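Subject: Structure for you to look at

Hello,

Here is the structure I promised to hand over. Please open it and keep it beside this message as you read.

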Amino acid sequence: MENYNITTLNDFIILKQKDFPYAKGELSSLLHHIGTAAKMVNKKISKAGLIDIIGSSGEVNVHGENQQKLDVYADQVFIRSLLSSGECCGVATEENENEIVFSDTNASEGKYVVCIDPLDGSSNIDFNVSVGTIFSIYRRITQRGEKVRNDDFLQEGTKQVAAGYIIYGSSTMLVYSTGFGVNGFTLDPSIGEFCLSHPDIKTPEDGSIYSVNEGNYIHFPEGVKKYIKYCQEIDKDSVRPYTSRYIGSLVSDFHRNLLKGGIFLYPENEITPKGKLRLVYECNPIAFIASQAGGRATNGSISILEIIPSSLHQRSPFYAGSKNMVNKIEEFLHQYR
Ligand code: P6P
């Protein structure tokens, strides 16, 4: 019998709800439904390779990217779970061109909208590399009962009510924040519950890991090239040279750096002038977690959380992690702009 003190995700959500005097349980219910969807997706991922769920669906998504079968499955599971919560009136997901409006009477009264990347890094699934779900929750701008509009989903990151990610890795974890710190829950498959395993996560102000796809080096801005060389120099007073760690799965690379200290970089480059990562459902939620854990996230000039989105799928250069390391890359980008 494991002898750890079990605080399940639902225990924790209810416990923390007491911190919100006017909370009526709507956000709690939404978070609970995200947890349920995560368990369902985890079940399929853990069997990937054994059942006919890996590989391409033969379709391409709105961005012309090959859609994996698990992409489609995860997208549908999260959309259905958010609809059934009755607290969410619409969802913007990476897999759909436009926002999905819930016309169901109950859901149309929902107070929240959700932006989600249902399965980030899905091309890695066939090779057993960790993947993740990334989500962001906002209070709607439109009135309850009104039809959800595009601008409900185009709010700056500082307006997030909650955000987080699920990492389907050697163990499956759900990490989230409602603006009062970051907490991590590990799925215990024997009881089918996410259990509090990483309370009050704080990311070190400095780290010794940098995460970037150095295969794009020749396409990077000068400041990024100089920063990478800075990471590789020997400096007797600091921990440099840093260690290079890059899995090619945002949630996995970010999560490791969050716990150990480090910086994740996806710069703009000649191939993708705005960077590759999506502002609304990748950069903003990760930036929210980084900042809530004492770290930072920038597009190289301003905080990610202050960017006012203009479209659902817009991309942004992205630098996130330990505060002092993110400050340093900003210095290099400014100096060599
Ligand atoms: P590259 C996965 O496709 C993803 O969206 C992120 O999870 C990851 O950080 C990035 O792209 C990897 O991109 O160009 O280095 O393969």
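Below is what was found in it, feature by feature. Please bear in mind that this is a predicted model.

The main sheet

Start with the open sheet. Eight strands form it, in the order 4-3-5-6-7-8-9-10, and the pairing is mixed. Its edges are strand 4 (100–101) and strand 10 (193–198), each of which pairs on one side only. Strand 3 (residues 88–93) runs antiparallel to strand 4, and two bridges join them. Look for Val91 here: its bridge partner in strand 4 is Ile100. Helix 3 (residues 69–85) packs on this sheet. The helix touches strands 3 and 4, as well as strand 5 (112–120), strand 6 (131–139) and strand 7 (162–168). The directions of helix 3 and strand 5 make an angle of about 160 degrees.

The cores

The largest nonpolar core holds 39 residues. Val41, Phe78, Leu119, Ile137, Tyr168 and Tyr176 have the most contacts inside it. Which helix gives the most to this core? Helix 2 (residues 26–46) does, with eight residues.

Phe78 is a good place to zoom in. Leaving out residues up to four places away in sequence, Phe78 touches Ile34, Ala37, Ala38 and Val41. Its other contacts counted this way are Ile116, Pro118, Thr133, Ile166 and Tyr168.

Another core, of 29 residues, lies apart from the one around Phe78. Tyr165, Val251, Ile289 and Ala297 are among its members.

Strand 13 and its partners

Next, go to strand 13 (residues 263–266). Is it covered on one face or on both faces? Both are covered. Ile263 and Leu265 are buried on one side, and Phe264 and Tyr266 are buried on the other. In general, side chains in a regular strand alternate between the two faces of the sheet.

Strand 13 has parallel and antiparallel neighbours. Strand 11 (residues 209–211) runs parallel to it, joined by two bridges. There, Tyr210 has Ile263 as its bridge partner. Strand 15 (residues 318–321) runs antiparallel to strand 13, joined by four bridges. In this pair, Phe264 has Ala320 as its bridge partner.

Thr243 lies in strand 12. Beyond residues up to four places away in sequence, Thr243 touches Ser208, Ile209 and Tyr210. Thr243 is partly exposed because its relative accessible area is 33%. Compare its position with that of Gln143: the two are 100 residues apart in sequence and 49 Å apart in space, C-alpha to C-alpha.

Backbone details

Three spots deserve a look.

- The peptide bond from Arg240 to Pro241 is cis, with omega near 0 degrees. Pro241 sits in the loop between helix 5 (222–232) and strand 12 (243–244).
- Asn128 is not a glycine, yet its phi is positive, at about 60 degrees. Asn128 is in the loop between strand 5 and strand 6. Its relative accessibility is 76%, so Asn128 counts as exposed.
- Asp200 also has a positive phi, near 50 degrees, and is a residue other than glycine. Asp200 lies in the loop between strand 10 and strand 11. It is partly exposed, at 47% relative accessible area.

Over to you.

Best wishes

Technical notes
Residues are numbered from 1 along each chain as its sequence is written. This is a predicted model: local features need pLDDT of at least 70, side-chain atom pairs count only at pLDDT 80 or more; totals for chains, interfaces and linings use all residues. Side-chain values use heavy atoms; hydrogens and water are left out. A nonpolar core is a set of buried Ala, Val, Leu, Ile, Met, Phe, Trp, Tyr and Cys residues joined through side-chain atoms within 4.5 Å. Buried means under 20% relative accessible area, exposed over 50%, partly exposed in between (1.4 Å probe, protein chains only). Contact means heavy atoms within 4.5 Å. Two strands pair if DSSP finds at least two bridges between them. Axes are lines fitted to C-alpha atoms, for helices over the stretch in contact, and angles run from 0 to 180 degrees between N-to-C directions.
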